[in-house]
Amino acid sequence: MTESRARIEAIFSDCHDLTIKEWSYGQDLEYASVGILLDTLSQNYRITYMSALIQDLSPLLGALDKTLTPDKLSHYWEAQGVSTHSAHLLDSIEQVTQSLTDGNVVFLLDGWDRAIGCEMPGVQTRSVSEPTMEPVVFGPHNSTIEDLKTNIGLLRALIKTPKLKFKLLHAGEYTRRDIVYGYLSDRVDPEDIKLFEQRLSGLEDKEILDTTYLEEWVEESVFTPFPQVRYTERPDVATSALLTGKIIVLVQGSPTVMICPGLFIDFFSTSEDYYQRTVFSTLIRWLRVIAFIMATTLPSLYVALSTFHTELIPTVLLLAILDTREKIPFPAFVEALLMEFFFELLREAGIRLPRPIGSAVSIVGALVIGQAAIQAKIASPIMVIVVALTGIASFAMPQYNLAIALRVLRFPLMILAATLGGFGLMIGYFLIMLHLTKLKSLSQYYLTGFAPLDWSRMLSSMIFRQPIRSMLKRPRHGSGGSR
């Protein structure tokens with residue numbers, strides 16, 4: 001025991017939170033033992049770890065023979081195990097080190113070449129609360145947190161079947177992060193799970209800190225602006241994804257659940273669509289489709305019309321545009337580029353600033369800069385309206401990573417519109433569609449539901465929300481409409 005203790009102290013040298021508690025046992029207290037832990041990982045250790053050991057020894061203390069010896073203790077733990085607390089026997093210093101960094105308490109007994117690792121309360125985590133990124137009026141108001149076991153428990157409470165499988169991976173030499181992926185064995189596409197496991201192979205030596213780190217491992221193309229996975233912090237959304245044949249990924253320390261494969265049609269649905277009335281949910285979906293078109297097209301369409309195709313603009317509107325642009329020194333493309341740049345700058349500033357002042361600065365900044373740009377004849381009022389409508393439309397996208405893709409695509413489309421007009425827009429959209437038809441998410445094509453065209457699936461998943469009673473049927477593998 002003395003040698004093992006010295007090795008542990010050498011490994012954890014300069015670690016102020018390494019705590020070693022000595023105690024003795026036996027009829028004359030002739031046998032020594034130590035309890036070792038990192039007190040920053042094990043909460044309330046002074047009370048729990050000694051009481052745990054006493055409870056585990058209670059069968060021996062209640063026997064007629066009151067004398068405890070190392071032989072009796074080792075025989076008891078090796079033959080009976082530890083029944084009162086979750087514990088395991090450790091055979092090497094490497095296992096002891098890992099057990100300590102996992103937040104366990106390790107016991108070393110004199111005269112025994114093995115150690116005991118007892119699980120103790122770990123680092124305090126926040127409790128289950130309302131989701132911050134996906135708030136809803138109706139429906140569940142709980143969200144996933146940074147504790148992996150709690151998140152799996154939330155999902156197990158919603159899907160009560162042994163067909164829900166969770167597999168564990170370990171990643172990183174230093175972080176030793178636990179990665180869990182889950183699926184329903186009778187719903188998931190076998191090709192999807194096979195390809196998913198192939199892409200996650202080789203993570204053992206990679207330092208994974210968050211679920212988002214795994215996105216580039218799972219997706220087929222890392223240079224496309226279009227996301228191929230979805231994220232959620234709502235257990236009901238993850239449950240719905242599992243029921244429709246998706247794979248979910250959770251990482252210890254991350255509150256975000258990754259859902260894959262993520263198809264283009266999936267990014268237009270939210271969980272609240274299924275908690276509202278059918279007519280209202282359908283109307284909201286129409287608004288999202290219109291917002292998608294506006295967020296992608298509006299600035300480039302304005303540049304093309306005002307530069308090359310003025311004959312397509314009604315005369316009254318054209319005269320109003322010309323009147324507002326009378327003293328603007330820049331062409332429409334430069335004007336749009338400047339305003340988009342300022343808008344993106346304000347958006348990033350609002351995100352990075354502290355929450356109490358972030359929204360106020362972004363709103364006031366937009367008003368002040370917009371009004372100042374109009375008065376200084378740098379931008380026309382119609383351009384300010386176009387840029388504002390484009391930004392509002394991008395905010396209407398249910399998934400933030402899809403909104404980012406639209407922000408990236410706006411600039412090359414504006415360049416094409418400024419150089420070739422409407423023909424350039426046609427070329428841009430043709431290239432985007434060509435790219436999307438080639439893109440895949442795991443084993444499924446990104447435009448599944450559009451190509452080959454499946455009217456019923458496309459309309460029910462993107463345009464219309466079917467009544468709940470007609471939706472509660474056993475879906476096919478990889479069916480659309482997941483929340």
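**Surface patch, sheet and helix packing**

Leu283, Trp286, Leu287, Ile290 and Phe464 make a nonpolar surface patch of about 480 Å². The model is predicted. Besides this patch, the points below cover an open sheet of 5 strands, a helix packed on that sheet, and Gln98 in helix α5.

**Trp286 in the patch**
- Trp286, one of the residues that make the nonpolar patch, is placed in helix α10, which spans residues 278-307.
- Trp286 counts as partly exposed because its relative accessibility is 40%, and the partly exposed class lies between 20% and 50%.

**The open sheet**
- The strand order is β6-β7-β9-β10-β8, with antiparallel pairing.
- The edges are β6 (164-171) and β8 (230-232); each has a single partner strand, so one side of each has no neighbour in the sheet.
- From one strand to the next, the twist averages 25 degrees.
- Strands β9 (residues 247-251) and β10 (residues 257-260) run antiparallel and are joined by 3 bridges.
- Ile248 has Ile259 in β10 as its bridge partner.

**Helix α7 on the sheet**
- Helix α7 (residues 190-200) packs on the sheet and touches β6, β7 (177-184), β9 and β10.
- The direction of helix α7 makes about 170 degrees with that of β7.

**Gln98**
- Gln98 lies in helix α5, residues 93-101.
- With 38% relative accessibility, Gln98 counts as partly exposed.
- Between Gln98 and Gly117 the C-alpha to C-alpha distance is 10.0 Å, and the two are 19 residues apart in sequence.

Notes
Residues numbered from 1 in each chain as written. Predicted model: local features only at pLDDT ≥ 70, side-chain atom pairs only at ≥ 80, totals over all residues. Heavy atoms only, no water. Patch = residues over 30% accessible without salt bridge, like charges linked within 9 Å, V, L, I, M, F, W, Y side chains within 5 Å. Areas by Shrake-Rupley, 256 points an atom, 1.4 Å probe, with all protein chains shown as cover. Salt bridge = Lys/Arg side-chain N within 4 Å of Asp/Glu carboxyl O. Helix = DSSP H or I, 4+ residues; strand = E, 2+ residues; numbered from the N terminus. Buried < 20%, exposed > 50% of the residue type's maximum accessible area, 1.4 Å probe, protein only. Pairing = 2+ DSSP bridges. Axes fitted to C-alpha atoms, helices over the stretch in contact; angles between N-to-C directions. Contact = heavy atoms within 4.5 Å.
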